[in-house]
Amino acid sequence: MQPVEDARARILAAFAPLPAETVNVAEALGRVLAEDLTSRVTQPPKNLSAMDGYAVRAADVAEAPVTLRVVGDVPAGSHYPGALDVGEAVRIFTGGPLPAGADTIVIQENATRDDDRVTIHQGAAAGTYVRPAGLDFTAGQIGICAGRRLTSRDVGLAAAMNRPWLRVHRRPRVAILATGDEIVLPGDPLMENQIVSSNGFALAAFVQACGGEPLHLGIAPDDAAALGDMIDGARGSDMLLTSGGASVGQHDLVQDVLRRNGAEIDFWKIAMRPGKPLMFGRLGNTPVVGLPGNPVSSLVCAAIFARPAIARMLGQESPVPESARAVLGCDLPANDRRQDYLRARLETDGNGKQVATPFNKQDSSMLTRMARADCLVVRPPEAPPAKAGDAVEIVPFGGGHLEI
Ligand SMILES: Nc1nc2c(c(=O)[nH]1)N[C@H]1C(S)=C(S)[C@@H](COP(=O)(O)OP(=O)(O)OC[C@H]3O[C@@H](n4cnc5c(N)ncnc54)[C@H](O)[C@@H]3O)O[C@H]1N2
Ligand code: MOO
């Protein structure tokens, strides 16, 4: 059985960043930048007022109170054409450009206006409430680096940098094929001994959450010919995820059918729980990750193996998320030779420490625990018994990491 890290390295080696395409900034949320984004403008473009008040010369208001002559008005979007002389002030509003000669702003709360005179009650040192040109960024400066998955904050920055079009990596098209005679679509008539199919939906949602485009091929019966036809629907996709039929039972046909369709199998079976029967191969140019049918196994394997593959295709800098740490909330027994991924709650204790407490039931069919989990607790192969309070590695599902 392959160790998890070796399996992940072999899977990752089969993927490369996809070519770039151009998208409008309004549609860029969640896309990954294919090249560094430089600004086309300087922001602010000039020295601007940060407050409503009066633009003055700091030297004129060094001693207050003092009365100045108001020589003009500068709302945002206009400017005072002249230069400020000794003893002069210009009425200014937030975002208005400072007139030449002015070097500070007195807020209107500290001034009394009387026709074309203003009395300043409190002076302001040079630069007060002035946003100097280029305070935020300057033309030509890199605002967002290639490889970044764009957040709403990045979208705002790109727009402010006057970049209406962005080069982003194409989204990976991920074909998904669920298998099994016993599974039916949610809402369809449910006969005795049938169960409702959840994996296809969970995996499609997972692919979307990772930034890919799911292509749901449907549910293949445990029949070689039909399975073969449906698997062919994946040709041309960037990755095929199958779920079920990966184990050793006589109805577990996925691997055989893939081979018959010309696929090369790289490995099958890994030292992991859940997820032992994971398979990896290639059907033409399409890498295939054969996920186990148990609903938790298929999602955990997707998180550990398919997420980095999608991240690499998207051109993300570090496709494998850095491992996070927490302390255990309960004792755990020694582990066997399979690396264990335990579904767990994550809480912050009174000292600000992250405490991960695995659920007491970990069966790989239990989606309720999976849905309620905040993270997976990683137990390396042959790990000795662990005590509450011991440090452990975790794979978080959210909170700064990708929420899947
Ligand atoms: N003799 C052995 N039996 C099993 C082994 C083994 O090593 N020796 N491994 C076990 C492990 S571990 C796993 S995991 C499962 C994986 O089996 P398959 O990938 O072949 O999955 P299936 O048999 O098709 O299904 C397993 C389970 O999951 C349910 N399922 C399948 N598809 C869906 C779906 N789309 N939505 C919801 N649930 C689904 C299915 O009904 C089964 O209950 O094998 C063990 N057996
Ligand atoms: O290893 Mo299987 O994936 O537990 O249920």
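**Figure 1. Strand 5 and strand 6 pair in parallel.** In this predicted model, strand 5 (residues 66-74) and strand 6 (residues 88-92) run parallel and are joined by 4 bridges; strands here are DSSP runs of E with at least two residues, helices are runs of H or I with at least four residues, and both are numbered from the N terminus. Two strands count as paired if DSSP finds at least two bridges between them. Arginine 69 stands opposite glutamate 88 in strand 6. Residues are numbered from 1 along each chain as its sequence is written, while chains are lettered from A and ligands numbered from 1 in the order in which they are written. Because the model is predicted, local features need pLDDT of at least 70 and side-chain atom pairs count only at pLDDT 80 or more, whereas totals for chains, interfaces and linings use all residues.

**Figure 2. An open sheet of 6 strands has mixed pairing.** The strand order is 7-4-6-5-9-8. Strand 7 and strand 8 stand at the edges with a single partner strand each, so one side of each is left without a neighbour in the sheet. Neighbouring strands of this sheet are turned by 35° against each other on average, direction ignored, where axes are lines fitted to C-alpha atoms, for helices over the stretch in contact, and angles run from 0 to 180 degrees between N-to-C directions.

**Figure 3. Strand 8 and strand 9 form a hairpin.** Strand 8 (residues 111-114) and strand 9 (residues 117-120) run antiparallel and are joined by 4 bridges, and aspartate 114 has arginine 117 in strand 9 as its bridge partner. The hairpin has 2 residues between the strands, and aspartate 115 takes a positive phi near 60°.

**Figure 4. Threonine 104 lies in strand 7 (residues 104-107).** Threonine 104 is buried, with 23 other C-beta atoms within 10 Å; a residue is called buried if 20 or more other C-beta atoms lie within 10 Å of its own, exposed if 12 or fewer, and partly exposed in between, with C-beta atoms placed from the backbone. Leaving out residues up to four places away in sequence, threonine 104 touches Val56, Ala58, Ala124, Ala125, Ala126, Gly127, Thr128 and Val130, where contact means that the C-beta atoms, placed from the backbone, lie within 7 Å.

**Figure 5. A second view shows an open sheet in the order 16-13-17-21-20-18.** This sheet of 6 strands has mixed pairing, and its edge strands, strand 16 (213-220) and strand 18 (264-268), each pair on one side only. The twist averages 20° from one strand to the next. Strand 20 (residues 279-283) and strand 21 (residues 286-291) run antiparallel with 5 bridges, and glycine 281 has valine 288 in strand 21 as its bridge partner. Helix 4 (residues 224-232) packs on the sheet, where it touches strand 13 (173-179), strand 16 and strand 20, and its direction makes about 170° with that of strand 16.

**Figure 6. Ligand 2 is surrounded by residues that include Arg273 and Lys276.** The others around ligand 2 are Pro274, Gly275, Pro292, Asn294, Ser297 and Ser364, a residue being near a molecule or strand if its C-beta atom, placed from the backbone, lies within 6 Å of it. By class, this shell has 2 nonpolar, 4 polar and 2 charged residues; Ala, Val, Leu, Ile, Met, Phe, Trp, Tyr, Cys and Pro count as nonpolar, Asp, Glu, Lys and Arg as charged, and the others, Gly among them, as polar.

Technical notes. Two residues are in contact if their C-beta atoms, placed from the backbone, lie within 7 Å.
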